[in-house]
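User: Hi! I'm new to reading protein models and would like to go through one with you, feature by feature. Could we begin with how strands sit beside each other?

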Amino acid sequence: MIDKTHSRKSRSSAKTRGKTPLGIVTMFTMKGDAIKALSGFKLPAGAKVAIVSSRPESVREIRKTTLGRVARVTEVIEKEPGQVRADSKPLVDRSAFEPDARSRAMLEGIRIAEEDLRDAGGAYDLDQVRTLMRGVSRQAVDKRVQEGSLLAVPGPSNRRSYPTLQFNRDGTVVPGLKAVREALQTSNPWSVLNFLSHPDVRLDNRRPIDLLKSGNVDIVLDAARRHGEQGA
């Protein structure tokens with residue numbers, strides 16, 4: 001009798017061996033440098049890649065690096081044993097009020113843009129820019145913004161703010177901003193700021209804005225064209 005039971009169990013196990021039960025997700029953690037480990041690696045159909053970090057500074061860098069390519073950002077809060085309790089089901093379904101993936105991506109984009117501005121040195125208001133530019137009129141400032149030779153981003157109360165990184169020490173505006181915007185194939189000032197303020201591998205990890213200030217406009221434009229083609 002014991003042998004027959006064991007035989008039935010063995011046959012049952014053989015039928016299910018090799019099949020993954022429904023509802024189970026398998027996760028692999030890469031050794032060493034994950035980027036190098038994934039280089040040339042072909043993902044099977046339906047597989048997804050997740051980036052996990054508990055360090056705030058790493059999270060900020062990941063957000064900047066993956067701008068526009070993240071499907072979902074999830075924060076997990078660990079609780080001490082005993083803190084979790086089984087509450088009764090709420091009368092209101094809170095999930096119905098949560099923003100969807102597209103809406104969360106919009107908010108995330110604004111947060112990243114604000115971090116870019118803060119890391120780049122902040123921004124001037126209109127009166128400060130007029131002072132730097134030796135008292136030019138508001139109309140003259142507006143004209144430069146419209147033509148692309150002066151960078152302005154939406155500020156508090158939707159008033160224009162002017163990133164400080166585009167000004168030289170003598171108050172003049174760095175040359176080449178209009179050409180950079182055209183090479184990037186975008187009219188979004190946040191995208192222009194993001195390109196200018198971050199080290200670029202095409203420029204030996206130097207910031208485009210620093211090269212513009214030193215007069216190396218042509219190599220920055222070349223990097224901007226390739227950046228624009230990649231993002232198109």
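Analyst: Happy to! In this predicted model, tyrosine 124 stands opposite tyrosine 162 in S3. Pairs of facing residues like that one are how you trace which strands lie side by side. Here S1 and S3 pair in the antiparallel sense, over two bridges.

User: Which residue in S3 is the bridge partner of valine 153?

Analyst: That partner is serine 161. Another facing pair is proline 154 and arginine 160 of S3. Between S2 and strand S3 (residues 160–163) the pairing is again described by two bridges, in the antiparallel sense.

User: In what order do the three strands form the open sheet?

Analyst: The order is S1-S3-S2, with antiparallel pairing. Strand S1 (123–124) and strand S2 (153–154) are the edge strands, each pairing on one side only.

User: What do S2 and S3 form, and how many residues are between them?

Analyst: They form a hairpin, with five residues between them. Look at serine 157 in the turn: its phi is positive, about 60°.

User: How many helices and strands does the secondary structure of the chain come to?

Analyst: Ten helices and three strands. Reading along the sequence gives the pattern α-α-α-α-β-α-α-β-β-α-α-α-α.

User: Next, burial. What share of the 232 residues counts as buried?

Analyst: For this chain, 24% of the 232 residues count as buried. Helix H8 (residues 189–197) is a good place to look, with buried residues that include Val192, Leu193 and Phe195. At the N-terminal end of H8, asparagine 188 acts as a cap: one of its side-chain oxygens lies 2.9 Å from the backbone nitrogen of tryptophan 190.

User: Is aspartate 116 buried or exposed?

Analyst: Aspartate 116 counts as buried because its relative accessible area is 3%, under the 20% cut-off. This residue lies in helix H4. To see what surrounds it, skip the neighbours within four places in sequence: the contacts left are Lys64, Leu193, Asn194 and His198. With histidine 198 there is also a polar contact, side chain to side chain, at 3.3 Å.

User: How should I think about salt bridges?

Analyst: Side chains of opposite charge can pair when their charged atoms come close. The count for this model comes to seven salt bridges. One of them joins arginine 111 to glutamate 108, where the closest N and O atoms are 3.3 Å apart.

User: Why are arginine 111 and glutamate 108 separated by about one helical turn?

Analyst: Because they are three residues apart in helix H4. Their surroundings are worth checking too: glutamate 108 is buried at 11% relative accessibility, whereas arginine 111 is partly exposed at 42%.

User: Where else can I find a salt bridge?

Analyst: Try arginine 226 and aspartate 222, whose closest N and O atoms are 3.1 Å apart. These two are four residues apart in helix H10 (residues 217–231), so about one helical turn separates them. Arginine 226 is partly exposed, at 37% relative accessibility, and aspartate 222 is partly exposed with a relative accessible area of 37%. Arginine 207 also forms a salt bridge, with aspartate 210, at 3.0 Å between the closest N and O atoms.

User: How far apart are arginine 202 and arginine 226, in sequence and in space?

Analyst: They are 24 residues apart in sequence and 8.9 Å apart in space, C-alpha to C-alpha. Arginine 202 is found in the loop between H8 and helix H9 (208–213). Beyond its neighbours within four places in sequence, arginine 202 is in contact with Ala223, Arg226, His227 and Gln230. Its side chain makes a polar contact with that of histidine 227, at 3.0 Å.

User: Last topic, the surface. Which residues form a nonpolar patch there?

Analyst: Leu91, Val92 and Phe97, with about 420 Å² of accessible area together. Valine 92 is found in the loop between helix H3 (56–65) and helix H4 (101–119), and counts as partly exposed at 47% relative accessibility. For the whole chain, about 18,100 Å² is exposed, and carbon and sulfur atoms supply 53% of that area.

Conventions. Residues are numbered from 1 along each chain as its sequence is written. This is a predicted model: local features need pLDDT of at least 70, side-chain atom pairs count only at pLDDT 80 or more; totals for chains, interfaces and linings use all residues. Side-chain values use heavy atoms; hydrogens and water are left out. Patches are made of residues with over 30% relative accessible area and no salt bridge: like charges are joined within 9 Å, nonpolar side chains (Val, Leu, Ile, Met, Phe, Trp, Tyr) within 5 Å. Accessible areas come from the Shrake-Rupley method with a 1.4 Å probe; for residues, only the protein chains shown count as cover. A salt bridge is a side-chain nitrogen of Lys or Arg within 4 Å of a carboxyl oxygen of Asp or Glu. Buried means under 20% relative accessible area, exposed over 50%, partly exposed in between (1.4 Å probe, protein chains only). A polar contact is a pair of N or O atoms within 3.5 Å; within protein, one must be able to donate a hydrogen and the other to accept it, and residues adjacent in sequence count only if both atoms are side-chain atoms. Contact means heavy atoms within 4.5 Å. Two strands pair if DSSP finds at least two bridges between them.
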